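Here are my notes on the model you sent me, set out as numbered points. Please read them with the structure open beside you.

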Amino acid sequence: MTAWRSFHIDAACGLGSIVLSLKQCQINRLNGADNIERSTDTAPDGKIQGALLTGQHALITGATRGIGAAIADTLARLGADLTILGRDRPLLDQRAGSLASSHGVKIHIETADVADSTAIAKAFESAIAANGPVSILVNNAGSGKSAPFHKMERALWDSMIAVNLTGTFVCTQAALPAMLEAGYGRIINISSTAGLKGYGYVSAYCAAKHAVVGLTRSLALETAKKGVTVNAVCPGYTETGLVRETIDNIVAKTGRSVEDATAELAASNPQGRLVQPWEVAETVAWLALPASASITGQAIPVAGGEVM
């Protein structure tokens, strides 16, 4: 990973987030467009179909944009009632209204910091009261920042561990007892290709995401005979709405053009493209199905072959 690639990372959207083709990105920048996130409903025929998750309650952290929004849309389309949890209430309200009108399922909202044990405990209590026990937990909330290791401040390290790793721990501890009692559950942690390999200048982020994969594998062994599966999904560079900050940071730091910065990120995928949010969401949906009972302890890359 070249140094310029790592100046911004959206942990909840894999290792970095870029939007649109080179041409469209350039057009948006020239036109001053603010809303450049594409629809998550542009998947081809062949998506998982049917009300396969009816009667289930899925709680998704970081569900207001990017991959989290695509996951929420996909699980709702499959019939699950949702709790969407985040820190931006206006965005949560907007997302909830869209999901409810599109899919006709129950949508509950909770605002909380995923690393705050007390706040998460209260949020889960409220979510359970609204929609019943959580049977599907998607730990999607995350964040990423870059710095050369020798210049990294302790505050950056602590923040990466808190949101990416501690948040996963806290939410999983809150959800697991009811799953064990029911003898059924699906825990899906959104890691990253940065949880499977190293990248320069993002050592704190990589450390946290590697730890999420380790947590996933260990907990999967503890729950293997208890009806609860635990898996990680590891996206590569994914096409989401944070492109402006990402590309602007790259351009500002390196002097590269918008086209070069975007093309280089896409080139990290052997398929020569950016992963789409719906592709990650479909992988999550597959792991959430009752039929996926034999899939546990896995860290599944969604990266076009970048990690094998």
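1. Helix 5, which covers residues 154-182, lies across strand 1 (57-61), strand 4 (136-139), strand 5 (185-190) and strand 6 (228-235). Its direction makes an angle of about 175° with that of strand 4. Please keep in mind throughout that this is a predicted model.

2. The strands that helix 5 crosses can be placed in a wider arrangement, for seven strands form an open sheet with parallel pairing, and their order is 3-2-1-4-5-6-7. At the edges are strand 3 (107-111) and strand 7 (299-302), each of which pairs on one side only. On average, and with direction ignored, neighbouring strands of this sheet are turned by 20° against each other. As background, the strands of a sheet pair through backbone hydrogen bonds, and the pairing may be parallel or antiparallel.

3. How many bridges join strand 2 to strand 3? There are five, and strand 2, made of residues 81-86, runs parallel to strand 3. To follow the pairing on screen, you could begin at Gly86, whose bridge partner in strand 3 is Thr111. Helix 3 (residues 89-103) packs on the sheet, where it touches both strand 2 and strand 3, and its direction makes about 170° with that of strand 3.

4. Turning to the chain as a whole, its secondary structure consists of nine helices and seven strands. Of the 308 residues in the chain, 53% are buried. Among contacts with a separation of 6 or more, 77% are between residues 24 or more positions apart. The accessible surface comes to about 12800 Å², and carbon and sulfur atoms account for 52% of that surface.

Technical notes
Residues numbered from 1 in each chain as written. Predicted model: local features only at pLDDT ≥ 70, side-chain atom pairs only at ≥ 80, totals over all residues. Heavy atoms only, no water. Helix = DSSP H or I, 4+ residues; strand = E, 2+ residues; numbered from the N terminus. Buried < 20%, exposed > 50% of the residue type's maximum accessible area, 1.4 Å probe, protein only. Contact = heavy atoms within 4.5 Å. Areas by Shrake-Rupley, 256 points an atom, 1.4 Å probe, with all protein chains shown as cover. Pairing = 2+ DSSP bridges. Axes fitted to C-alpha atoms, helices over the stretch in contact; angles between N-to-C directions.
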